[in-house]
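Here is a colleague's reading of the coordinates, set out as separate points so that each can be checked against the structure.

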Amino acid sequence: MTPSAFNYARAATVEEALALLAEHDNARLLAGGHSLIPAMKLRLDDPALLVDVSRISSLSQITLHYNRLCIGALVTHRVVEASLLVQAQCGALAEAAGGIGDPQVRNRGTLGGSLAHADPAADYPALVLALDADIIVSGATGKRTVGADDFFCGLFETALQDGEMITEAHFPCLGAQEGASYAKHASPASKYAVVGVAAYVAVDATGQCTRARIGVTGAATHAFRAEEAEMRLVGKQLNASVIDNAVAGIADPRDMLSDIGASSEYRAHLCSVMAKRAVSAAAAEAMG
Amino acid sequence: MPAYIGKSIKRVEDERFITGRGRYTDDIVLPKMTHAWIVRSPWAHARIKSIDATEARSQPGVVAVFVGQDMVDDGINPIPTGWQIGADMKEPPHHTLAVDKVRHVGDGVAVVIADTREVAQDAAELVVVDYEPLPAVVHMDDALHDDAPLVHDGAPNNVSFTWELGDREATDAALASAHHITSYEVVNQRLIANAIEPRSVIGDHDLATGNLTLYTSSQNPHLIRLLLCAFVTGLPEHKVRVISPDVGGGFGSKIFHYPEEVLCTWATRKIGRPVKWTAERSESFVTDAQGRDHISQAQMAFDAEGKITGLKVDTKANMGAYLSTFAGGIPTWLYGTLLAGQYTTPVIHVHTTGIFTNTVPVDALRGAGRPEATFLLERLMDLAANEMGYDPAELRRMNFIGADQFPYTTPVVLEYDSGDYEAALDAALDMIGYADLRQMQEQARTAGRLVGIGFSTYIEACGIAPSAVAGAIGARAGLYDSGMIRVHPTGKVQAYTGVHSHGQGHETTFAQLVAHHLQIPMEDVELVHGDTALIPFGMGTYGSRSLAVGGSAIYRALEKVLNKARKIAAHKLEAAEDDLEYVGGQFTVKGTDRSVGFGDIALTAYVPHDYPIEELEPGLEFNAFYDPKNFTFPFGAHICAVEVDPETGEVAILRYVAVDDVGEVINPMIVDGQVHGGIAHGIGQALLEQGVYDNEGQLLTGSFMDYAVPRAADLPMFEVDRTVTPCPHNPLGAKGAGETGTIASTPCIVNAVCDAVGVRDIAMPLTPERVWQAIRASHSTREAA
Amino acid sequence: MTQSIQVTVNGKEQQAKVEPRTLLVDFLRSTLGLTGTHVGCDTSQCGACNVHVDGECVKSCTVFAVQADGSSVTTIEGMAGGELHPLQVAFREEHALQCGFCTPGMIMTAADLLSRNASPGEDEIRHALEGNYCRCTGYHNIVKAIQRAAEAT
């Protein structure tokens, strides 16, 4: 259970962390460690240097900035779950955080770590996509912002370049006629999402949908948006039949993962079921 | 003096566990202890061409690297199996470390011993094994093909044994003349026990005395010592001490004699330092003997009145790559003999084929054969009820062996001693409110909800076993047990048992038993178990045998103690033995106030100044060996209600009611706990757990990330109750409670889910996907109709 | 390469040199001899190794000892002050343990739950136990014990 030997350095600032990453081959960032350490224990991963960023206090804040919820990369799932600010401004995010892993995992696992790892079955990516979050990344050349739609590129692959680190993610504060929700079918073994769907909808005063975003995780090699379903919602009154119609066939089995946990066919079906649940809950919230 | 039997006394062992002072094998640290890391095969089937350990040996901190041939050269024999199933059984050698070929992923190839575990693991990565991969055979149907690869050259068609029981001709005739036949083909899937404590072993050779102490997380220390000394190493038994300290759960998987026990025994002598090995969980998945894995075809015949007229079963049982300690006994004698269940089936025939595959060995797992038999029977009963239009409770009732029919001899050789099956069923029906529940189900169905009700009325044969019977059917050991009572001069008592507690609470239950009969405070009694140096002999704990067999041995020893105490009391009181009564811990001359207490008698026995020394030896200590006269036969009725999510196929358990009859109960709290845990284990098989191998023999469910064990949120609160039909042939009237829940709950849940969905069968485990597929299939069937 | 760390364990300050790869659970068990914390899996799931770090329940098999530098750690051995913790009492009273192997981790998780939610319902308790496996009890009596401890405090 012990990983291969490695060196360890603790960074006090983002700059220090970036410098350490730049100086060493095969250096990895250590935040909560709840993706990295399990892999290292099974010796599936053997970094030469771990750069412990977990004490960079500036990355552990949740703040409100121009109607955006700015969550530091080191904020744990538990803090997101329990944050009154997150609950008030973006309840779906808090609720989803409360369903990640188990309490001990939530106490250590971080938002930034989860996003950077980009596990195809992680929960946050669905919310990042549905809520159109921005990922703030720091690197040698400074800060840049990666839009949700550009961040998840492939299996465990993101838009992060070598030597970069996530410092924050910015989520929207949901207004009176907006709603969001996350519905997940978890693996009974791992508790990861077999399929998880996050939905965001906005409605106008008449209850007509003006904007919809649906993010799907667990189903494919990386999280994706269900754009056709989104289009079928916009411009409609969000009643049960509209939602049923919108989410039907939301995913093509040929694009789905298939493993001992679930076949591609079942995953495609779950995409529709979870989307229906997420959109229905989001619509209910938006319509007050 | 308080009566202790029948009281829910809080457990005496808990204090150390809740404060973190339990002492499991891996907690033990010995001076100069080394750590072993085993290099294991990544292939299911391969020839070992060469092993190069040069670089590993040169690492700082590495003490030694050994391979299988080193042990063979030292005269270490293969590990034997404990059951002979038929004269023709193929029993190929199972070496501690593979010598020529590896036969399953996880088969040991070499061992690195080092000052620390980390160094051992690092060095193990430097051992270069050159394998020539061979085609693997994984699935039983493939294994039987004429052109299938052979797991062992000496086992043609990969068959270890075939076995049959019952009257084939009569059964065929019953099927031929049946009014109705219910057929069922079923896979009883591979399970992995996953006791939460991974196995751990320490070998400690004392250079001064030549004595060897083996600490091992075993359910069965004496049997391990016997096999280790008599068959594998040739070490003199009196120079070997096996200690099973606190053991973190077993569920069968820690009964068996494992290669690591041989390895640490041999290696500590080789290097002159203690050697510890503790499994990683990922290692447990590929080295702990696994369970179940049957493919069966069954046909049950009925007459026009719904009475069972015959049962025919053909079973293929996966043995894995080697025959583990109890392997052959499980799908044969512990399985076929249970196929009468609670029913008056007049003729039964069962045929079993034990098959080798390139998978981890298969052996007993909680219930061991009896869950497989019960699953088959109880699924057949629900299927038949459905096919013939009976209420499942009523079809069972119509076929029950009557309470007045005991002792009852079944067509599969068992003689049931006692029982009242209808009473248990009635109690369960009453508890769950059956009529109301059916009504609720109807209403739910009308509202589009999928609610189902499942039954399981089961029998178990446990308390194994009468040694003569065990010997006649192929066990290579007796199955009695021993109990010793040592009364100290101050009247304090130690009781020694050959059975082993790894969660069952013997330290409490057995102390209750002793204190109750000696009429002394429980605090004055301590139970000693799990140490071959202290306990005369024992056969360990499995098959729900501890109380019925081990407890009965204790009882016999108590009788001897009280018998001698009475003689001493008679001497002291100058009275005839027959004139004494023993009440409240005092021998009193009947009708007088002349008495002497147990403590005084103990003191007299050890300070025999005024003592009948011509007639009695000093001291107050007795041992007893108890060989049971028959198996014991717990039974019960379980009923559950489930609801299925029609969109996802997820199953929620709404109610779970269990009425069990385990005979006389010493500690109801502990028995309830055993039942809860057993039910949970069976639910795990029904809904969650499966060991899945790919066609190359890789275990795909090789970690908790893929192998689902029940969590708290998967389970409901259980509603449990009991009927009490004492076992008539042991002095305690006790039967056994460790496996009842597991045996009963699996078919109960599956029956309920099939009832909810309205389908004939769903393969276990009933994952949401499988249930969803079944819902879809039933919809399309209905639409087509 | 070793690293110096200072960790307060069960109220007592401990200084040690550890390899960076030393897991907190190995530090507790091997270096400090606190064997009440167990290891039951290698995939951060079973919860047998749960301890509190700075008041939060964590899996000590998924934290390096160097990460706990400067922290305060409580293990099962530190739960009882002069007398048993109410959870320890409740686990015994409700027969919430059999083999005892998962028990320390269960109690640490339950303590974390009760510190956040003084009177959890059955569902909340069951979900809080998501990261703790027990193979013996079917969880029935564990749930009851946590309810009992909640009522007692």
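The points below take up one interface, one chain, one helix pair and some backbone details.

1. On the status of the coordinates: this is a predicted model, and the remarks that follow should be read with that in mind.

2. On the interface between chains B and C: 44 residues of chain B are in contact with 41 residues of chain C. On the side of chain B that touches chain C, helix 1 (14-18), helix 9 (281-287) and helix 18 (668-688) each supply at least two residues, and helix 18 of chain B gives the most, with seven residues. Sorted by class, that side of chain B has 20 nonpolar, 14 polar and 10 charged residues.

3. On helix 18 of chain B: what span should its 21 residues have at 1.5 Å a residue, and how far apart are its end C-alpha atoms? The expected span is 30 Å, and the end C-alpha atoms of helix 18 of chain B are 29 Å apart, so the two values agree. Of the 21 residues of this helix, 19 are buried, and it is therefore largely enclosed by the rest of the structure.

4. On chain C as a whole: chain C has five helices and five strands, and from the N terminus on its elements run β-β-α-β-β-β-α-α-α-α. A compact globule of 153 residues would have a radius of gyration near 15 Å, and because chain C has 15 Å, it agrees with that expectation. The C-alpha trace of chain C spans about 45 × 30 × 25 Å along its principal axes, while 66% of the 153 residues of chain C count as buried. Among contacts in chain C between residues at least 6 apart in sequence, 60% join residues that are at least 24 apart.

5. On a helix pair in chain A: helix 11 (residues 240-247) and helix 12 (residues 264-286) of chain A pack at an angle of about 140 degrees, and their axes are 9 Å apart. The crossing in which helix 11 of chain A passes helix 12 of chain A is right-handed. From helix 11 of chain A come Ile243(A), Asp244(A), Ala246(A) and Val247(A), which meet Ser272(A), Ala275(A), Lys276(A), Val279(A), Ser280(A) and Ala283(A) in helix 12 of chain A. By class, this contact has six nonpolar, two polar and two charged residues.

6. On cis peptide bonds in chain B: one such bond joins Phe406(B) and Pro407(B), with omega about -5 degrees, and Pro407(B) is found in the loop between helix 11 (392-399) and strand 16 (408-409) of chain B. A cis peptide bond also joins Met764(B) and Pro765(B), where omega is about -10 degrees; Pro765(B) is found in the loop between helix 19 (740-757) and helix 20 (768-784) of chain B.

7. On positive phi values in chain B: which surroundings, buried or partly exposed, does Val413(B) have? Val413(B), a residue other than glycine, has a positive phi near 70 degrees and lies in the loop between strand 16 and strand 17 (415-416) of chain B. With 15 C-beta neighbours inside 10 Å, Val413(B) counts as partly exposed, because burial requires 20 or more. Ser544(B), also a residue other than glycine, has a positive phi near 45 degrees and lies in the loop between strand 21 (525-529) and helix 16 (546-573) of chain B. Ser544(B) has 31 other C-beta atoms within 10 Å and is therefore buried.

Note on methods. Residues numbered from 1 in each chain as written. Chains lettered and ligands numbered in written order. Predicted model: local features only at pLDDT ≥ 70, side-chain atom pairs only at ≥ 80, totals over all residues. Contact = placed C-beta atoms within 7 Å. Helix = DSSP H or I, 4+ residues; strand = E, 2+ residues; numbered from the N terminus. Nonpolar A, V, L, I, M, F, W, Y, C, P; charged D, E, K, R; others polar. Expected span 1.5 Å × (residues − 1). Buried ≥ 20, exposed ≤ 12 C-beta atoms within 10 Å, placed from the backbone. Axes fitted to C-alpha atoms, helices over the stretch in contact; angles between N-to-C directions. Left-handed = near helix turned anticlockwise from the far one by under 90°. Rg over C-alpha atoms; globule rule 2.2 N^0.38 Å.
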